[in-house]
Amino acid sequence: MNWIFAGGIYLLIAGIAQAARPHVSDDRDLKEIDLTQWDCLDRLEGSAKTADGVERNRLKNRSAPEGGPAAAEPTDSAGFLKRIAQFEVETKGTRRKALSPAQKQQLDALEKQIVSMTGYLGLAYCGPPETTNCGSGDYHDWHLELFEKPIEHSPQPGDATPIICEITPRTQNAIFHDGIRLQDLAAFFRKSDLTYESTGHPARKIRVTGYLLWDDEHNGTADVGTAVHSMGANKFHNPWRSIAWEIHPVLKLQRMETASAEAPVAPSPVAAPSAAPSPAEPANDSPPLVSPTPPQILTVLQPVQIKIPYGQVTLPAGAKLHVLSRNAQSAMIEYMGGTYAVPIGSTDLR
């Protein structure tokens, strides 16, 4: 009797868990879709109920300009990050409804831009039902995870996080008619049962052209980070993106290399987490850097200019940053994938 009761409880719990999981499409690749059957086609705001949700959805649901997207100078991930670096440092962890008038003006100008970025398509999958698409599981976005370098396994703890690009129902047909197939380009595919599979070939280098979008719903540390820390209960990697900025919607997608130039590789076993980047060595006449315990966050009190690989940015007063190590003169902080020294006197660590 006890076994029967326990079995019934197990089935009940499993049924609840299955019901709670949102329906994810079984689509395996891009296809032509009949938008006339979609009751959300004329609702650019989707089913959003808040002002910022309406604004965000209208941006996500843009279509290509008449005549197609204007030519944009191609860039890589470093160039993409440079474009939004100053805005990013001023608004880390912020939502669009909390922006100052000056920041809102800057955001409006950025989100009007069409950009073109190259990278390696490591992972592709169907997006879940979202207010953007009125909660439809069939008319869904396609999520593309673009990496600076090819990946040899699905994202695991220790791996670098990607930049997110999204194809929407409104842009899918044009990309499909261009002959683009995600199974031919992505190294890995995430199925509707939330498991990953290899496509049998390396990540292809592609060029993605589309609108810049700040998806501030994903601007917190649970979603944004330079490296994957853990795997969630939904088998997804956390954090899962390097930045809250996306190319969304994707208007055009191009393959940058031919299959004949690449040798197929078998998927590697799960790699051990890679070591965190080491901070720069302090000068010989400085006291040794020591790692704070527990992990520490500093607040910038006076603007500090730092030189990053693709330009310079100013860390504004009020910016909060992770401290990797410190000595009496300076603290090594993490910013957009790199480590930089800031003077202690410009922070609240004084």
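**Reading cores and a one-sided helix**

Modeller: In this predicted model, the largest nonpolar core has 38 residues, and Phe80, Trp245 and Leu253 have the most contacts inside it.

Biologist: Which strand gives the most to this core?

Modeller: Strand E2, residues 114-126, does, with five residues.

Biologist: How should I read a core of this kind, and what does Phe80 touch?

Modeller: In soluble globular proteins, nonpolar side chains tend to be buried together. Leaving aside residues up to four places away in sequence, Phe80 touches Thr75, Val115, Met117, Ile163, Leu212, Ile243, Trp245, Glu246 and Ile247. A second core, separate from the largest one, has 19 residues, among them Leu298, Val300, Tyr340 and Leu349.

Biologist: Which residues of helix H2 are buried?

Modeller: H2 spans residues 51-60, and its buried residues are Asp52, Gly53, Arg56, Asn57, Leu59 and Lys60.

Biologist: Why do they count as lying on the same side of H2?

Modeller: Because they cover an arc of only 160° around the axis, they fall on the same side of H2.

Biologist: What covers the buried residues of H2?

Modeller: The cover includes strand E7 (205-214) and strand E10 (245-255).

Biologist: And for the chain as a whole, how many helices and strands are there?

Modeller: The protein chain has six helices and 16 strands. Of its 350 residues, 45% count as buried. Taking contacts between residues at least 6 apart in sequence, 72% join residues at least 24 apart.

Biologist: What is the accessible surface of the protein chain?

Modeller: It comes to about 17,500 Å², with 55% belonging to carbon and sulfur atoms.

Note on methods: Residues are numbered from 1 along each chain as its sequence is written. This is a predicted model: local features need pLDDT of at least 70, side-chain atom pairs count only at pLDDT 80 or more; totals for chains, interfaces and linings use all residues. Side-chain values use heavy atoms; hydrogens and water are left out. Helices (H or I, at least four residues) and strands (E, at least two) are DSSP runs, numbered from the N terminus. Buried means under 20% relative accessible area, exposed over 50%, partly exposed in between (1.4 Å probe, protein chains only). Contact means heavy atoms within 4.5 Å. Accessible areas come from the Shrake-Rupley method with a 1.4 Å probe; for residues, only the protein chains shown count as cover. The arc is that of the directions from the helix axis to the C-beta atoms. A nonpolar core is a set of buried Ala, Val, Leu, Ile, Met, Phe, Trp, Tyr and Cys residues joined through side-chain atoms within 4.5 Å.
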